[in-house]
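Work through these exercises with the structure in view. Each task is followed by its solution.

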Amino acid sequence: MSLRIVFMGTPDFSVPILSALQEAGHQVCSVYSQPPRPAGRGHMARPSPVHAFAESLGIEVRTPKSLRNAEAQAAFCALRADVAVVAAYGLILPKAILEAPRFGCLNVHASLLPRWRGAAPIQRAILAGDAVTGVTIMQMDEGLDTGAMLLGGQVPISSATDATSLHDDLSAMGASLIVEALARLSAGSLTATPQPLDGVTYAAKLAKDEGRLDWNRPAALLERAVRAYTPWPGAWFDHAGERFKVLAATVVDGHGVPGTVLDHHLTVACGEKALRVVRLQRSGKAAMDTDAFLRGYSLVPGTQLIGPCPVTN
């Protein structure tokens, strides 16, 4: 059965989910997204990925700065939606919004709840060394990702998984799961399961500076940071007043004072073992494999790369 849907989302993650709703034959009567933000060299206001995609489909887009005022809530209620589908929207939904659609608001969350509630579940799962993550379709309530679970699916995290690849996998899974959830909702066969009280963790929002590599930490953690912070904020170190973004790295045996370059392959001593930088990018330059990079830039054994600002997780 076709449902009348309000879709609420902002980043690239949400675009395949909106597309799947359209392809499934649902009526997306309006899209809510974050307001356009300054971007690019000219700092011109640029619509979000969801905003741009919705407009290409001819769907009305609304970009309120808040949903807490009576006018915004009345406008939302006037849409008379059967259900709202929310995927990385970025605004808190007050009670009046949550209760307006006939079936309430369903959230596509990129983790296996109750693990990694919050803003950055993809990156935090990689940083923590989780072996598996996934998507949970959740009935939203007024808490932070605390609503009852409706449907879910799992995705393994391997040593090759980075935030970009995991983002794409979870977005595709979320698109498939929400279509299934809505079909079950229409048929009256969607069962809500309260989240367990055990196993709750929170995925704090990423900070711009947390990608700085703290060589005092174990190499395994720093290698995960390289994968988790791709593409933003990036894992990086400073040397001689320049910033170098680490794009790929591997853990190897080695020891020394943390932050010391150990060999001619840019292997750096860490708190435990060592991190060999495989690919990196100098600020303002093209990305390069380390061997090619070192032919034009000197980071000889004994060089110290210790920085004062630790990476957080």
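**Exercise 1.** Find the acidic partner of R102 and place both residues.

Step 1. R102 forms a salt bridge (a side-chain nitrogen of Lys or Arg within 4 Å of a carboxyl oxygen of Asp or Glu) with D82. Their closest N and O atoms are 3.1 Å apart.
Step 2. R102 lies in the loop between α4 (95-98) and β7, and D82 in the loop between α3 (70-77) and β6, so the pair ties together parts 20 residues apart in sequence. Helices (H or I, at least four residues) and strands (E, at least two) are DSSP runs, numbered from the N terminus.
Step 3. R102 counts as exposed, at 53% relative accessibility. D82 counts as buried, at 15%. Buried means under 20% relative accessible area, exposed over 50%, partly exposed in between (1.4 Å probe, protein chains only).

This is a predicted model: local features need pLDDT of at least 70, side-chain atom pairs count only at pLDDT 80 or more, and totals for chains, interfaces and linings use all residues. Residues are numbered from 1 along each chain as its sequence is written, and side-chain values use heavy atoms, leaving out hydrogens and water.

**Exercise 2.** Decide whether E210 and R124 are buried or exposed.

Step 1. E210 forms a salt bridge with R124, with closest N and O atoms 2.9 Å apart.
Step 2. E210 sits in the loop between β11 (202-203) and α7 (219-228), R124 in helix α5 (residues 121-127), 86 residues apart.
Step 3. Both residues are buried.

**Exercise 3.** Locate E180 and R184.

Step 1. Both lie in helix α6, four residues apart, about one turn of the helix.
Step 2. Their side chains meet in a salt bridge (2.7 Å, N to O).
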